[in-house]
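Got the viewer open? Let's take a walk through this one, a stop at a time.

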Amino acid sequence: MEIQYEYVRVADDLARQIEGGKIPIGGRLSDERSLADEYSVSAGTVRRAVQELRDRGLVTTLPGKGTYVVRQTPDVS
C-alpha cells in the first residue's frame, strides 16, 4: 500500500482544478485558512501543498497579495 501525504493530496487536487480550468491562469487561490477548512487539514499542510505547486511551476506567491496560477499543467494524454 502506497502512503500519500496529505499535502500531496491537496496539491494534486488543486493541480487538477488548475488543469481543468476551474482555477484559470491569473486566478487567485483561496487563502490558507479557507483551503485548510476546505480540505480539513492544518495550515501547515496547505503551506506545504502550495510550495509543491510552486515547485511544479503552477503558481507564484506574491507576498501580501496571494497565490496566483501562472500556468496550467501540460496535457499528458
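At what angle do helix 1 and helix 2 pack, and how far apart are their axes? Select both and look: the angle is about 105 degrees, and the axes are 12 Å apart. One thing to keep in mind as you go is that this is a predicted model.

**Stop 1: helix 1 against helix 2**

An angle between 65 and 115 degrees counts as roughly perpendicular, so helix 1 and helix 2 are roughly perpendicular to each other. To see where they meet, show the side chains of R9, V10, D13, L14 and Q17 in helix 1, then add L35, E38 and Y39 in helix 2. Color that contact by class and you should get four nonpolar residues, one polar and three charged.

**Stop 2: V10**

Now zoom in on V10, which sits in helix 1. Is V10 buried or exposed? With a relative accessible area of 1%, V10 is buried. Leaving aside residues up to four places away in sequence, V10 touches Y39, V41 and A49. For a distance to try in the viewer, pick the C-alpha atoms of V10 and T67: these two residues are 57 apart in sequence, and 15 Å separates them in space.

**Stop 3: around helix 2**

Next, select residues 32-39, which make up helix 2. Which residues of helix 2 are buried? Highlight L35, A36 and Y39. Those three cover an arc of only 100 degrees around the axis, so they are on the same side of helix 2. A bit of helix geometry helps here: an α-helix has 3.6 residues a turn, so residues three or four places apart point the same way. Swing the view to the other side of helix 2 and you'll find R33 and D37, both exposed. As for the buried residues of helix 2, their cover includes helix 1 and helix 3.

**Stop 4: the loop and S40**

Follow the chain out of helix 2 into the loop that leads to helix 3, and stop at S40. What is S40's phi? About 55 degrees, a positive value, although S40 is not a glycine. Most residues other than glycine have a negative phi. S40 also counts as exposed, because its relative accessibility is 67% and the cut-off for exposed is over 50%.

**Stop 5: helix 2 against helix 3**

Keep helix 2 on screen and add helix 3, residues 43-55. Their axes come within 9 Å and cross at roughly 105 degrees, so helix 2 and helix 3 are roughly perpendicular to each other. On the helix 2 side, the contact is made by E32, L35 and A36; on the helix 3 side, look for A43, V46 and R47. By class, that contact has four nonpolar residues, two charged and no polar ones.

**Stop 6: along helix 3**

Try a quick check on helix 3: at 1.5 Å a residue, its 13 residues should span 18 Å, and its end C-alpha atoms are indeed 18 Å apart. Then select T45, V46, A49, V50 and L53, which are buried. Look down the axis: the buried residues of helix 3 fall within an arc of 135 degrees, so they line one face of the helix. What do the buried residues of helix 3 pack against? Turn on helix 1 (6-19), helix 2, strand 1 (59-62) and strand 2 (66-69) to see their partners.

Last pick of the tour: G57, just after helix 3, where phi is positive at about 80 degrees.

Technical notes: Residues numbered from 1 in each chain as written. Predicted model: local features only at pLDDT ≥ 70, side-chain atom pairs only at ≥ 80, totals over all residues. Heavy atoms only, no water. Axes fitted to C-alpha atoms, helices over the stretch in contact; angles between N-to-C directions. Helix = DSSP H or I, 4+ residues; strand = E, 2+ residues; numbered from the N terminus. Parallel < 35°, antiparallel > 145°, perpendicular 65-115°, else oblique. Contact = heavy atoms within 4.5 Å. Nonpolar A, V, L, I, M, F, W, Y, C, P; charged D, E, K, R; others polar. Expected span 1.5 Å × (residues − 1). Buried < 20%, exposed > 50% of the residue type's maximum accessible area, 1.4 Å probe, protein only. Arc of directions from axis to C-beta.
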